[in-house]
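Visitor: Could you walk me through this structure? I would like short answers with the reasoning shown.

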Amino acid sequence: MARQLIKGNEAIVKGAILAGCRAYYGYPITPASEIAEAAAFYMPQAGGVFLQAESEVAAVNMLFGAAAAGVRAMTASSGPGISLMQEGISYLAGAELPCVIADITRGGPGLGNIAPEQSDYHQVVKCGGHGGYRTIVLAPDSAQEMADLTMLAFELADRYRNPVMVMADGYIGQMMEPVEFPAEARPLPLHSWSTDGTPEHRSNLICSIELQPDDLERHIRKLEAKYQRAEREEVRAEHYRTDDAEIILVGYGIVARLLKSVVERGRALGMPLGLLRPITLYPFPVRELRRLSRQACCFVVVEMSTGQMVDDVRLAVEGRRPVEFYGRCGGNAPSAEEIFAFVERVAAHPAEALLEEVADA
């Protein structure tokens, strides 16, 4: 293993190359620009291609072409750029082309600002493009996971023939941490796609159009079966001191790191706190949350947004327990102190009263 002090954004590129990525198409945008810069430096050294496109729309369509040719390829952007890519992402999903797309999130809506936020959750997890498709979404909380989850993203993209998103807030992208990389790159895959996966039905046309309603319905049912398999087999979540926890904190990215310190502070004072960190935002850890709802008296979701993941947590626990929310936005990160103060207020209510509040709502 090689250990380096490296920025999260650069770790994504090195992880991608070690995973066999040999094509990067993108357009710079803060706070994701270092990904393009690192790709421009490292990709040619690995025998790959870097191309700065004229726009994010061009980049995602170049990604379509490279994926259709059987090359492991990726792009990266932030909220406004990901917005421009949405049509292309829908095309990639419809054509069942594997690729990896990194979103290093910043404040919005509109141009917003360049400070870190988590308000791209709806756009990425719920899929902002047209049609009934899904993207697998991985949420790293460290520079190490920026590398590790990017390598995993390429494996999942190939396994499900689908775009995979790596979504990290700007803090994770910009911070420098020690990262361990594998000593050797993984074997470089080369794919030859066909319309239905069988040699006798190979086609030199890869597209996402089905003119007949019955044909399109069959295709959509096939995609849905694939997504359901991912929901059964690819859920990943970190449990932190949840075994005996009565109040479960839920957060991802930089927020999850803050929540670990909140858990430790609460435990030192005798508060039975625990943390569930979703690593896959899709597929979401529904069963994990449902199981925890049997022991916990309530859940506290913390996000750097006005609350986009909180609805998924509420759906997962099915009204069995109250779900409280605390958030900051605009590029502001909550402090461990203010989160703990909120958790203390929640803990001051009897569980029965909290349940009554939910029933009244």
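Guide: Gladly. Keep in mind that this is a predicted model. We begin with Glu-10, which sits in helix α1.

Visitor: Is Glu-10 buried, partly exposed or exposed?
Guide: The relative accessibility of Glu-10 is 23%. Buried means under 20%, and exposed means over 50%. Glu-10 falls in between, so it counts as partly exposed.

Visitor: Which residues does Glu-10 touch, leaving out those up to four places away in sequence?
Guide: Start with the backbone. The C-alpha atoms of Glu-10 and Glu-37 are 8.4 Å apart, although 27 residues separate the two along the chain. With residues up to four places away left out, Glu-10 touches Ala-38 and Tyr-42.

Visitor: How are α1 and α2 oriented to each other?
Guide: Two packed helices are described by the angle and the distance between their axes. For α1 (residues 8-18) and α2 (residues 33-42), the axes are 8 Å apart and the angle is about 40°. An angle under 35 degrees would count as roughly parallel, and 65 to 115 as roughly perpendicular. The two helices are therefore oblique.

Visitor: Which residues of α2 make the contact with α1?
Guide: On the α1 side, the contact is made by Asn-9, Glu-10, Ile-12, Val-13, Lys-14 and Ile-17. By class, the contact of α1 with α2 has seven nonpolar, one polar and three charged residues. From α2 come Glu-34, Ile-35, Ala-38, Ala-39 and Tyr-42.

Visitor: Now the sheet. Which are its edge strands?
Guide: Seven strands form an open sheet with mixed pairing. Their order is β3-β2-β4-β5-β7-β6-β12. An edge strand pairs on one side only, and that holds for β3 (49-52) and β12 (280-282).

Visitor: Which residue of β7 stands opposite Ala-102?
Guide: Strand β5 pairs with β4 (residues 73-77) in the parallel sense over four bridges. There, Thr-75 stands opposite Ile-101. β5 also pairs in the parallel sense with β7 (residues 163-169), over seven bridges. In that pairing, the residue opposite Ala-102 is Val-166.

Visitor: How many residues of β5 are buried?
Guide: In a regular strand the side chains alternate between the two faces of the sheet. In β5, Cys-99, Ile-101, Asp-103 and Thr-105 point one way, while Val-100, Ala-102 and Ile-104 point the other way. Both sets are buried. The strand is therefore largely enclosed by the rest of the structure, and its buried count is seven of seven.

Visitor: What is the angle between α6 and β7?
Guide: Helix α6 (residues 143-160) lies across β4, β5, β6 and β7. Against β7, the helix runs at about 160°.

Visitor: Which bonds are cis peptide bonds?
Guide: Most peptide bonds are trans. One cis bond joins Gly-108 and Pro-109, with omega about 5°. Pro-109 lies in the loop between β5 and α5. Another, with omega about 0°, joins Tyr-282 and Pro-283.

Visitor: Is Glu-96 buried or exposed?
Guide: Glu-96 is in the loop between α4 and β5. Its phi is positive, about 55°, although it is not a glycine. Its relative accessibility is 6%, so Glu-96 counts as buried.

Visitor: What is the phi of Arg-161?
Guide: Most residues other than glycine have a negative phi. Arg-161, in the loop between α6 and β7, has a positive value. Its phi is near 45°.

Notes. Residues numbered from 1 in each chain as written. Predicted model: local features only at pLDDT ≥ 70, side-chain atom pairs only at ≥ 80, totals over all residues. Heavy atoms only, no water. Axes fitted to C-alpha atoms, helices over the stretch in contact; angles between N-to-C directions. Parallel < 35°, antiparallel > 145°, perpendicular 65-115°, else oblique. Contact = heavy atoms within 4.5 Å. Nonpolar A, V, L, I, M, F, W, Y, C, P; charged D, E, K, R; others polar. Buried < 20%, exposed > 50% of the residue type's maximum accessible area, 1.4 Å probe, protein only. Pairing = 2+ DSSP bridges.
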